[in-house]
Amino acid sequence: MEKDLGSLLKKARVDKGLSQEEVANVLFVTRQTISRWEQNNTLPNIYVLETLSQLYGVGLEELIGYTKEKKLNVMAIIGSVFFNICLFSGIFITIVVLLAALWITIGAFIISPILYMISSMFGPQSFEWYQLVLTIFLCMISLKGIHFCKKVTIQLIVYFNKYIKFNKKIIYK
């Protein structure tokens, strides 16, 4: 199989049925430039390679002969699993528990005026205006806190996804 860039460029051009002159006209270069690329005397830049891949109707990776087989790295798997179980799982569980507690607290503060009114009407607690004002104040603060809590949750999910992708890159070499 041909491996050098010049041979791959020539093969793609010939397979498409184009002459060096025709390719040169499309790229606004000389025919000699195309010849030098195909003889590996010079290299086209990445933008030209991208245009050539479109012109020849082949993917850029195919055009430059890029093939990379991913191999499973057993030691990386063992290290990753050990690290994730020992260290990361503790941190992850702590963060999830704290985040759940934050959401539960916000939810409780939001419904606190309703709970206060129900407990005052049907429960042993007597009604006090300052307590109602306090529960409404807590509800308003919590409604503002939802935005913050949502941003934190989304950011943690993004970091977790990046961490998973990072682990995949380590495992496959």
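The bend at a residue is the angle between two fitted axes, one for the seven residues ending there and one for the seven starting there. All views below show a predicted model.

**View 1. Helix H6 and its bend at phenylalanine 88.** Helix H6 covers residues 74-110, which makes 37 residues. At phenylalanine 88 the helix bends by about 45 degrees. At 1.5 Å a residue H6 should span 54 Å, and the 50 Å between its end C-alpha atoms agrees with that value. The buried residues of H6 are Ala76, Ser80, Asn84, Leu99 and Ile106. Methionine 75 is also found in H6, but this residue counts as exposed because its relative accessibility is 62%, and the cut-off for exposed is over 50%.

**View 2. The largest pocket, with a volume of about 280 Å³.** The pocket is lined by 13 residues, of which Phe92, Ile95, Leu156, Ile157 and Phe160 are the closest to its centre. Helix H6 and helix H8 (129-171) each supply at least two residues of the lining. H6 provides the largest share, seven residues. By class, the lining of this pocket has twelve nonpolar residues, one polar residue and no charged residues.

**View 3. The largest cavity, with a volume of about 30 Å³.** A search of the whole structure finds one cavity of 30 Å³ or more. Leu9, Ile34, Trp37, Glu38, Leu52 and Tyr56 line the largest cavity. Two elements, helix H3 (31-38) and helix H4 (46-56), give two or more residues to this lining. H3 gives the most, with three residues. The lining divides into five nonpolar residues, no polar residues and one charged residue. The charged one is Glu38, because Glu is counted as charged and Glu38 is in the lining.

**View 4. The largest nonpolar core, with 13 residues.** The residues with the most contacts inside this core are Leu9, Leu27, Trp37, Leu52 and Leu63. Helix H1 (5-16), helix H2 (20-27), H3 and H4 each supply at least two core residues. H4 gives the most to the core, with four residues. Three of the residues named for their contacts, Leu9, Trp37 and Leu52, also appear in the lining of the largest cavity.

**View 5. Two loop residues with positive phi, phenylalanine 28 and asparagine 40.** Most residues other than glycine have a negative phi. Phenylalanine 28 is not a glycine, yet has a positive phi of about 60 degrees. The residue is found in the loop between H2 and H3. Phenylalanine 28 counts as exposed because its relative accessible area is 77%, and the cut-off is over 50%. Asparagine 40 likewise has a positive phi of about 60 degrees without being a glycine. The loop that holds asparagine 40 is the one between H3 and H4. With a relative accessible area of 35%, asparagine 40 is partly exposed.

**View 6. Serine 53 in helix H4.** The relative accessible area of serine 53 is 8%, so this residue is buried; the cut-off for buried is under 20%. Threonine 33 is 20 residues from serine 53 along the chain, and the C-alpha atoms of the two are separated by 17 Å.

**View 7. Glutamine 155 in helix H8.** Glutamine 155 counts as partly exposed, at 37% relative accessibility. Glutamine 155 and phenylalanine 82 are 73 residues apart along the chain, with 25 Å between their C-alpha atoms.

**View 8. Methionine 75 of helix H6 and arginine 31.** The two residues are 44 residues apart along the chain, and their C-alpha atoms are separated by 51 Å. Arginine 31 falls within the range of helix H3 (31-38).

Note on methods
Residues numbered from 1 in each chain as written. Predicted model: local features only at pLDDT ≥ 70, side-chain atom pairs only at ≥ 80, totals over all residues. Heavy atoms only, no water. Expected span 1.5 Å × (residues − 1). Buried < 20%, exposed > 50% of the residue type's maximum accessible area, 1.4 Å probe, protein only. 1 Å grid on protein atoms, 1.4 Å probe; cavity = no way out; pocket = protein on both sides within 12 Å on 5 of 7 lines; lining within 4 Å. Points joined across faces, edges and corners; volume = space filled by probe spheres on them. Core = buried A, V, L, I, M, F, W, Y, C linked by side-chain atoms within 4.5 Å.
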